[in-house]
Amino acid sequence: MGKLKLKRPQSFTESFHNFISKETWRKVQHKILMMFGMDYRSMALFRVTMALCVIGDVIERATDLRVMYTDNGLMPRHLITARYSSNYFLPIHLVNTSFFFQAFLFTLHILIAFSMLIGYRTKLSSILTWLMTISLQAYIGVIGHGGDVFFRMMLFLNIFIPTSKYFSWDSATFYQDLPTKRLNNNNNNNNNNNNNNNIVNNNNNNVIINNVINSTNIPIINLSEPESPLQQQQLLQQQLQHDQQLILQQQQQQQQQQQPQQQLSDEIGIEIGSERGIEQKVIQPKRDPDSYRFVSFGTCAIILQIGLMYCTSYFHKSGAEWHNGEATFYALTLDYFATDIAKLFLYFRPALKALTLAVAKWELFGILFLISPVYSDWCRLFGAIGFIAMHAGFIMCLRLGLFFFVTAGAELINIPTTVWELFFDLIEEKVLKGQQPTRVYYNTSSPISQRIALILKTYFIIPGHAIFSPLEKMLNNEDSISSSSPYLLSSSSSSSSSSNDNSGSDTDDAERSHRRRTTNLSSPTISSTMFSSSPLTTNSSGSSKKDLVGDDWLVTIDSNGIRKRNIHALNYICSKSPLLFPLAKAFTYVPANMCMLFTKICQKIHSRSQQSLIISSGKRSLYQKKKNPIPQTPRIYSILNNIWMLFICYFLFAYNMNIFDYNFGFQQSWNQFAYVLRLDQSWNMFSPSPPKTHWWHVIHGELDDGTKVELFKNEGMFNFQINTEVNFEKPNPFYKSYGNHRWFKYYENGYNQANSDSMRLEHGKYLCREFNKRHTGDEQLYKFSVYFVHEFQNLDGTVGPKNHFSLWDHVCYDKKQI
């Protein structure tokens, strides 16, 4: 009898690998990418939006620069340090509280935020923007609100995600990246369906060609125009024969591979018989949509922070008004917050109840759409639009200041890849209309030309709509085809600016350009009136630097071979931008003499910048710095970043759960860490229920001659005019008497609170000082009293009787000493 052989039991690792195949693991990775990943372009848009919010916030605060942020205002330095400062965080703004130093810090803050906006030194500028913002918020914390908390959290997390991948100076490069063929947009799972079918359709003399871009043997439209109609016809016949031969070869390969054909005549083709030669209709090569996606613990932290804000806000709303639907009614009756539209909604109580319940439930469940495992892109888009619409409703009915712009702007990071692809396809259809992209040539010997080209390529032109190349390449191509057919170009004409001919110094480029101009101006291939932007000033000795600065600084060639130069080229390429086309449209209405003046100015700047570059031959130009691809970040940084963000995800979750007495390992000593980095947060807006008490202030004063005056109503705290209408009625209009939302928070969070006599004293000194600065003699303010007036809002729309009490009595001066 044979021995019974027992099979060795598999280890856990072997069993796991057998259970999880490579294909299954790939699908799991892709699902995680879809659920928790974000598009690079959305992250760049998020960076731009947050930078704009910073700039807007600083500008708004700057309107009260002297009143709120200097020793001559309501909050002098000694008051902040003694009563309203944090022991864990020292604001930079407390170093010096003079007007000029604060103005310097505000200006610096805006400049740093602008650097973050354009993506210059993005990581550093993001860190400095966050530091300046939390310093400004901590400087006078009593005027802050929930929007400021969410704002600083978004700025903090913005540091740890790759927001500079697109639309940033850090990623700007002259290198022309040629992406791989994009997969079908309608397939959200990115099926590997890569059919390269080519079909001939002879109807209406149209030749339909698919996927012709990647073929190196296909002739490209010549950059120079044909010289005669007969030559045009010959060129058209040559092109048609070449295309038909290519199609026959590809059809034979297709039959051998037994691949199905698809009729794509409505999408791509070559149209023959146009007035300017031929018009080639092509599909631009595009990248795989998944290559735009990025996932890390940084992206997870942003989704987590958004979810924590809304979900914890829902659980804070424990009042009965949020469950019976009356919370919105009470919120819309608040005098300062309510807008004119809100007063109209008060007549539709059933609709308000439905909106109340809908808002509460959306805060709880809306976050699930951002991480949906099915139809991930469309669900995330629905969730982002839902949150933006909710905040749009808030800002339409309530005056919330910065809150709307920060919260709605943060949702832009959730724009999925599918939306970007559809948007670019729409723009491509409207702009390119199936034609070849515009060719843009910049002058490598002119710094101004390099900057203009790089700015356009980085910020304003959609990739694939224009091909940027050095001007030297266009001239070399034209010189090389002088003895061949003017319709056919070598494949190098369509190559990127990163090819081998990009090497060499810019001084050599300028000298070669000058020699080419002086020797080829009479050539029939290049017209002297077409390229020479100004008369050449040459020197017989050749020692002058001015003879090197006569060439163009920008040239564009459209799909029909039509050239435009300098300012006209700039206007044309702007017309192809989804952001700059209004400027190009407005340029058509500019008088001709103004255009000539602007042209001369631009040419002068070009010449001067070219001269400076030639003189400083040892200095690297922008083209030399930016002609190569952007290097990848070392992997160690990504690993460390993910470890840090993993801890932040845990910390944010544990911190918010600790507020509800759910301990996930959070220790009270960790609060100090939260205060130092300003990660402390609480989302209890309108919680547990909206206020039912309406309140306002009146300031009854007495002038030197005994006249009774009202100092608060009719914007009295801002214009300091004499108002003799003294009573306890509400200010009308209400919100103008309180100024912006920062002033309202000053009274709500500071002045009205108990133990605020030190703040009320400084408020009294400020009021006396500013009023008496504008009035003299018997009209000077002698004393005043600040009253707090309040009334109760009933559910039936009526209000209770008004009550008031004195908050502060102040005497400006002693009459006996006058």
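**Exercise 1. Find which backbone oxygens lie by the side chain of glutamine 102, and decide whether this residue is buried or exposed.**

Step 1. Start with asparagine 96: its backbone oxygen lies 2.7 Å from a polar atom of the glutamine 102 side chain. The backbone oxygen of histidine 93 lies 2.8 Å from a polar atom of that side chain. Here a polar contact is a pair of N or O atoms within 3.5 Å; within protein, one must be able to donate a hydrogen and the other to accept it, and residues adjacent in sequence count only if both atoms are side-chain atoms.

Step 2. Place the residue: glutamine 102 is found in helix H6, residues 99–118. Helices (H or I, at least four residues) and strands (E, at least two) are DSSP runs, numbered from the N terminus.

Step 3. Glutamine 102 counts as buried because its relative accessibility is 0%. The cut-offs are under 20% relative accessible area for buried, over 50% for exposed, and partly exposed in between (1.4 Å probe, protein chains only).

Step 4. Leaving aside neighbours within four places in sequence, glutamine 102 is in contact with Leu65, Tyr69, Thr70, His93, Asn96, Thr97 and Tyr139. Contact means heavy atoms within 4.5 Å.

A word on the model before you go on: it is predicted, so local features need pLDDT of at least 70 and side-chain atom pairs count only at pLDDT 80 or more, while totals for chains, interfaces and linings use all residues. Residues are numbered from 1 along each chain as its sequence is written, and side-chain values use heavy atoms, with hydrogens and water left out.

**Exercise 2. Work out the strand order of the sheet that holds S8, and how its strands pair.**

Step 1. The sheet is open, with four strands in the order S7-S6-S8-S9 and mixed pairing. Its edge strands are S7 (466–470) and S9, each pairing on one side only. Two strands pair if DSSP finds at least two bridges between them.

Step 2. Go through the pairs. S6 and S7 run parallel and are joined by five bridges. Strand S6 (residues 438–442) pairs with S8 in the antiparallel sense over four bridges. S8 and S9 (residues 563–565) are also antiparallel, over three bridges.

Step 3. Use tyrosine 442 as your landmark: its bridge partner in S7 is proline 470, and in S8 it is leucine 554. Further along, threonine 556 has lysine 564 as its bridge partner in S9.

Step 4. Look at the turn. S8 and S9 form a hairpin with five residues between them, and glycine 561 in the turn has a positive phi of about 80°.

**Exercise 3. Which way do the residues of S8 point, and what packs on the sheet?**

Step 1. In a regular strand the side chains alternate between the two faces of the sheet. In S8 (residues 554–557), Leu554 and Thr556 point one way and Val555 and Ile557 the other, and all are buried.

Step 2. Helix H22 (residues 566–575) packs on the sheet and touches S6, S7, S8 and S9; its direction makes about 115° with that of S9. Axes are lines fitted to C-alpha atoms, for helices over the stretch in contact, and angles run from 0 to 180 degrees between N-to-C directions.

Step 3. Seven of the 10 residues of H22 are buried, so this helix is largely enclosed by the rest of the structure. Among the buried ones are Ile567, Leu570 and Ile573.

Step 4. Link strand and helix: valine 555 and isoleucine 573 are 18 residues apart in sequence and 9.7 Å apart in space, C-alpha to C-alpha.

**Exercise 4. Describe how helices H18 and H24 meet.**

Step 1. The axes of H18 (residues 447–460) and H24 (residues 592–615) come within 7 Å and cross at roughly 110°.

Step 2. The two helices are therefore roughly perpendicular to each other. Angles under 35 degrees count as roughly parallel, over 145 as roughly antiparallel, 65 to 115 as roughly perpendicular and the rest as oblique.

Step 3. From H18, Pro447, Ile448 and Gln450 meet Ile605, His606, Ser609, Gln610 and Leu613 of H24. By class, this contact has four nonpolar, four polar and no charged residues. Ala, Val, Leu, Ile, Met, Phe, Trp, Tyr, Cys and Pro count as nonpolar, Asp, Glu, Lys and Arg as charged, and the others, Gly among them, as polar.
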